[in-house]
Amino acid sequence: MTTGRRTEEAKELHIPAGANVELVETDRGGKSTYHAPGQLVCYPILDLTLHGKDVKKYVRDLERALVQTLTAFELEATTIEGLTGVWMPPAGPRGPRKIASIGVRVTRWVTTHGYALNVDLDPAPFTEWITACGLEDAEFTTMARELERPVAVAEVKPAARAALADVFGLELDELPAGDGAGLWAQPVHDKLALR
């Protein structure tokens with residue numbers, strides 16, 4: 001689990017005793033969230049002087065990339081006015097369910113942190129262990145739950161890369177990632193790499 005600069009620990013954290021989870025304080029924006037295997041965590045490093053020098057626009061663009069990623073799996077995701085992240089619209093009596101969270105940091109117009117897309121994991125800790133994103137009554141979901149089938153993170157990565165390239169107008173190159181856990185070829189923003 002990670003906390004952002006706006007986390008209110010007394011209100012948001014209710015991790016049960018004995019839970020096998022590490023709590024990490026970060027310098028990103030936003031509130032608390034949960035990270036676990038089965039999430040696609042994407043932390044683009046972009047120079048926003050090349051993308052409009054607008055942090056709100058950058059967050060909206062990340063949302064667009066997430067919606068586009070989910071569209072590749074025939075999931076009709078949406079955003080909600082006044083809330084950050086991506087949601088699955090109501091299907092019957094339930095309200096919208098959050099499927100992706102965003103928390104960024106921008107220093108000298110260079111971005112760090114990013115988004116976490118729930119691919120295939122148990123979403124219960126989002127509501128049982130924390131008040132994720134500071135949202136008291138939110139439901140959380142996963143791609144696997146919405147598609148009613150298992151989904152591997154590796155299956156989602158190509159669509160996520162294509163969506164980021166499209167939304168931000170990037171040409172992505174794969175780099176050797178090594179054999180370390182959680183490492184994969186990272187896209188490089190060519191103009192940032194030249195600086």
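**Stop 1: α2 against α5**

Select α2 (55-71) and α5 (153-168) and look along the place where they pack: the axes are 8 Å apart and the angle is about 140°. This is a predicted model, so read every value here as computed from predicted coordinates. Two packed helices are described by the angle between their axes and the distance between the axes. Are these two helices to be called antiparallel or oblique? Roughly antiparallel would need an angle over 145 degrees, so α2 and α5 count as oblique to each other. The crossing of α2 past α5 is right-handed.

Now show the side chains where the helices meet. From α2, pick Tyr58, Asp61, Leu62, Arg64, Ala65, Gln68 and Thr69. They meet a set in α5 that includes Val156, Ala159, Ala160, Ala162, Ala163 and Leu164. Further along α5, Asp166, Val167 and Phe168 also belong to this contact.

**Stop 2: the nonpolar core**

Keep α5 in view, and colour the largest nonpolar core, which has 33 residues. Which element gives the largest share of this core? It is α5, with 7 residues. Other elements that supply two or more residues include α2, β3 (39-42), β4 (86-88), β5 (97-107), β6 (110-118) and α4 (143-147). In soluble globular proteins, nonpolar side chains tend to be buried together.

Next, select Tyr115, Leu117 and Met143, the members that touch the most others in this core. Centre the view on Tyr115 and list its contacts, leaving out residues up to four places away in sequence. You should find Leu40, Val41, Cys42 and Tyr43, together with Leu62, Leu66, Ser101, Ile102 and Ala160. Two names here may look familiar from the first stop: Leu62 of α2 and Ala160 of α5 are both part of the helix contact.

**Stop 3: β6 and its partners**

Select β6 as a whole. How many of its 9 residues are buried? The count is 7, and β6 is mostly covered. β3 runs antiparallel to β6 and is joined to it by 4 bridges. Within that pairing, find Leu40, which stands opposite Leu117 in β6. β5 also pairs with β6 in the antiparallel sense, over 8 bridges. Here Ile102 has Tyr115 as its bridge partner, and Ile102 is also among the contacts of Tyr115. Another pair to pick out is Arg105 with Thr112, which stand opposite each other.

**Stop 4: along β5**

Switch to β5, where 8 of the 11 residues are buried, so this strand is largely enclosed by the rest of the structure. β4 is antiparallel to β5, with 3 bridges between them; look for Trp87 opposite Lys98. β7 (residues 139-140) runs parallel to β5 and is joined to it by 2 bridges. In that pairing, Arg97 stands opposite Glu139.

**Stop 5: two residues with positive phi**

Follow β5 into its hairpin with β6, where 2 residues lie between the strands. Select Arg108 in this loop: its phi is positive, at about 50°, although it is not a glycine. Most residues other than glycine have a negative phi, and most peptide bonds are trans. Is Arg108 buried or exposed? Its relative accessible area is 78%, so Arg108 is exposed.

Now jump to Glu74, in the loop between α2 and β4. Glu74 is not a glycine either, and its phi is positive, at about 60°. With a relative accessibility of 73%, Glu74 counts as exposed.

**Stop 6: Ala77, in the loop between α2 and β4**

Stay in the loop between α2 and β4 and select Ala77. At 15% relative accessibility, Ala77 counts as buried, because the cut-off is under 20%. Which residues does Ala77 contact, beyond its neighbours within four places in sequence? They are Val67, Leu70, Val86, Trp87, Met88 and Pro89. From C-alpha to C-alpha, Ala77 is 8.3 Å from Leu66, with their positions 11 residues apart in sequence.

**Last stop: the whole chain**

Zoom out to the 6 helices and 7 strands. From the N terminus, their order is β-α-β-β-α-β-β-β-α-β-α-α-α. Of the 195 residues, 45% count as buried. Among contacts with a separation of 6 or more, 62% join residues 24 or more positions apart.

Definitions and conventions: Residues numbered from 1 in each chain as written. Predicted model: local features only at pLDDT ≥ 70, side-chain atom pairs only at ≥ 80, totals over all residues. Heavy atoms only, no water. Core = buried A, V, L, I, M, F, W, Y, C linked by side-chain atoms within 4.5 Å. Buried < 20%, exposed > 50% of the residue type's maximum accessible area, 1.4 Å probe, protein only. Contact = heavy atoms within 4.5 Å. Pairing = 2+ DSSP bridges. Axes fitted to C-alpha atoms, helices over the stretch in contact; angles between N-to-C directions. Parallel < 35°, antiparallel > 145°, perpendicular 65-115°, else oblique. Left-handed = near helix turned anticlockwise from the far one by under 90°.
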